[in-house]
Amino acid sequence: MPPQISWNCPSSFASAPAPGCVRPSAPPSCRNSAISRHVAPALRQLVDGLGDSPAQVMTLLGETILQNPMAVALLGDHSIYTGDARNSTYRWFTDPTSRSVHPPEEHEEESLSRVAELRARSVRVGDPEADRLIGMLRAQSPEFERIWLQQRVAICRSGTKALVHPAIGTIELECQILRAEGPEQLLVAFTAATGSRAAAQLRGLGAVRAEPPVRRHPHAAVRTGRTSSRARTP
């Protein structure tokens, strides 16, 4: 089962932002009218240029639209998903198997982070798609509704991410999240300190190709053959 990308921000931001997390600024006077899924050539080159570091581009709402080969090897090919399941937060709250890549003790923290991030990003996006996503999750997931009513808000830009991978076990990487101006997309990159255990794990993962995924979600399409480094756009 391919892991689902996310970024973790401790729940302590309710009183004060944790390291790597910030309270969003006041809503901009002119919000975006649509979510762009077109990756600019310069951003695509940056992702490809990261080489041995897993990296991918996501929309502000959490849909993966581009992955480099190392991101596919580490996180799985996100282009298998269709419909609402393209959104990582939708999967987190509607598909329990998507949580298996996180240590169980971190599930609650991850849920808090995702809801707070979605609340903050939805204000920035200003698109009906954000309202529809939030409405669906509030209707379908009691857990999401409970956390949503807490009104936590935060944007996470960096931190340590632990992922459980079937081939290399648990790996701890530094996660950096950068927002690209213009298309309003997120560049998510994972790095490991030189000489660290995580660096050795990434080197071992470099030769691993993502296996054809097992159908595990009603909106996940089974794909076989050569692994694609580019996620499908709707």
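Of the 234 residues in the protein chain, 49% count as buried. Keep in mind as you look around that this is a predicted model. The surface that the chain exposes comes to about 10700 Å², and carbon and sulfur atoms supply 54% of that area. Contacts say something about the fold too: among those between residues at least 6 apart in sequence, 68% join residues at least 24 apart.

Now for the secondary structure. The chain has seven helices and seven strands. If you follow the sequence from its start, the pattern reads β-α-β-β-α-α-α-α-α-β-β-β-β-α.

A good place to begin is the sheet. Five strands build an open sheet, in the order 3-2-7-6-5, and their pairing is antiparallel. At its edges you will find strand 3 (64-67) and strand 5 (158-165), each of which pairs on one side only. From one strand to the next, the twist averages 30°.

Let us visit the edge with strand 3. Strand 2 (residues 55-59) runs antiparallel to strand 3, and three bridges join the two. One pair to look for is Gln56 with its bridge partner Gln67 in strand 3. Strands 2 and 3 form a hairpin with four residues between the strands, and in this hairpin Gly62 takes a positive phi near 105°.

At the other edge, strand 5 pairs with strand 6 (residues 169-180) in the antiparallel sense, over eight bridges. A hairpin of three residues makes the link from strand 5 to strand 6. Two bridge pairs can be picked out here: Lys161 is partnered by Leu173 in strand 6, and Thr160 by Glu174 in strand 6.

What lies across strand 5 and strand 6? The answer is helix 7 (residues 197-205), which runs at about 90° to strand 6. Within helix 7, the residues Ala198, Ala199, Gln201, Leu202 and Leu205 are buried. These residues cover an arc of only 160° around the axis, so they sit on the same side of helix 7. On the other side of helix 7, Arg197 and Arg203 are exposed. The buried residues of the helix pack against helix 2 (69-75), strand 5 and strand 6.

From here we can move to the nonpolar interior. The largest nonpolar core has 36 residues, and Phe144 and Ile171 are those with the most contacts inside it. Many elements contribute: helix 2, helix 3 (88-94), helix 4 (107-125), helix 5 (128-140), helix 6, strand 6, strand 7 (185-191) and helix 7 each supply at least two residues of this core. Which residues is Ile171 in contact with, leaving aside its neighbours within four places in sequence? They are Leu74, Lys161, Ala162, Leu163, Ala198, Gln201 and Leu202. Ala198, Gln201 and Leu202 have already appeared among the buried residues of helix 7. Apart from the largest core lies another, of 10 residues, with Leu66, Ala180, Leu187 and Ala189 among them.

Two single residues round off the tour. The first stop is Arg121, which lies in helix 4. Is Arg121 buried or exposed? With a relative accessible area of 5%, Arg121 counts as buried, because the cut-off for that label is under 20%. Setting aside neighbours within four places in sequence, Arg121 is in contact with Leu60, Ile155, Cys156, Ile177, Arg179 and Leu186. Along the chain, Arg121 and Val153 are 32 residues apart, and their C-alpha atoms are separated by 9.2 Å.

The other stop is Gln151, found in the loop between helix 6 (142-148) and strand 4 (155-156). Gln151 has a positive phi of about 60°, although it is not a glycine. Its relative accessible area is 60%, so Gln151 is exposed, the cut-off being over 50%.

How values were computed
Residues are numbered from 1 along each chain as its sequence is written. This is a predicted model: local features need pLDDT of at least 70, side-chain atom pairs count only at pLDDT 80 or more; totals for chains, interfaces and linings use all residues. Side-chain values use heavy atoms; hydrogens and water are left out. Two strands pair if DSSP finds at least two bridges between them. Axes are lines fitted to C-alpha atoms, for helices over the stretch in contact, and angles run from 0 to 180 degrees between N-to-C directions. Contact means heavy atoms within 4.5 Å. Buried means under 20% relative accessible area, exposed over 50%, partly exposed in between (1.4 Å probe, protein chains only). The arc is that of the directions from the helix axis to the C-beta atoms. Accessible areas come from the Shrake-Rupley method with a 1.4 Å probe; for residues, only the protein chains shown count as cover. A nonpolar core is a set of buried Ala, Val, Leu, Ile, Met, Phe, Trp, Tyr and Cys residues joined through side-chain atoms within 4.5 Å.
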